[in-house]
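Me: I am new to this structure and would be grateful for a close look at a single part of it. Please choose one residue and describe its surroundings in a connected account.

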Amino acid sequence: LMNAAVAQDVEPAHITQHCDSVSLCFSKGLGAPAGAVLAGRREFIAEAWRARKLLGGGMRQAGVLAAAARVGLEHAVATLRRDHDNARRFAEAHCLASPGIQELGSPVCSVDLTAVETNIVMVSIKGDWPSPTELCEQLQAVSEEEMAETGQAVSVLVFPWSAHTVRAVWHRDISAHDTELAKNKLEFVARKCQE
């Protein structure tokens, strides 16, 4: 919800105005260690409260978690916008010296830039090798060859999403520098896959 609101430059209430209920997780993009909020009609919330009690849910001294959620909400626009910018930077080039995925011209992978709207980049895998799982393994592994060629050990965690797609997601702990390292790692892995 918060990523969509920031990407569309609207208040979250605008997106949820026709919903009967809304659940918002404070972890992930907002950076709280845990917690969520549930909104809806009074009767719905009363039933949710009852079900939570029946299932043993609830916490004491949850103020520390609530404080982290509050900080996440207060800084959400700036933080999420930065995440979106980093995701876009990963997918496109800002200068010739540092190409993004789209400009690699790689027969291994590509990105549809029109689909990069928030902090998520879907990388399409061309052909049968590497598979998304194999590409994810290559991006996570660090080899002596990589160290010798790039001078850095970079491990990138992405998720095999479908038969020909890998999903990369940005969050508050991934900096612009980390994004450049991830981009360079993908370029290195794609080149090695071609060889």
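Reply: The residue chosen is Leu135, which lies in helix H6; helices (H or I, at least four residues) and strands (E, at least two) are DSSP runs, numbered from the N terminus. The model is predicted, so local features need pLDDT of at least 70, side-chain atom pairs count only at pLDDT 80 or more, and totals for chains, interfaces and linings use all residues. Residues are numbered from 1 along each chain as its sequence is written, and side-chain values use heavy atoms, with hydrogens and water left out.

Leu135 has a relative accessible area of 1% and is therefore buried, a term that means under 20% relative accessible area (1.4 Å probe, protein chains only). Leaving aside residues up to four places away in sequence, Leu135 touches Ile125, Pro130, Val166, Leu186 and Val189, where contact means heavy atoms within 4.5 Å. Pro160 is 25 residues away along the chain, and its C-alpha atom is separated from that of Leu135 by 8.2 Å.

Pro160 stands opposite Val166 in E6. E5 and E6 pair in the antiparallel sense over 3 bridges; pairing requires that DSSP finds at least two bridges between two strands. Both belong to an open sheet of 4 strands in the order E3-E4-E6-E5. Strand E3 (109-111) and strand E5 (159-162) stand at its edges, each with a single partner strand, so one side of each is left without a neighbour in the sheet.

Helix H6 itself lies across E4, E5 and E6, running at about 165° to E5; axes are lines fitted to C-alpha atoms, for helices over the stretch in contact, and angles run from 0 to 180 degrees between N-to-C directions.

Notes
Buried means under 20% relative accessible area, exposed over 50%, partly exposed in between (1.4 Å probe, protein chains only).
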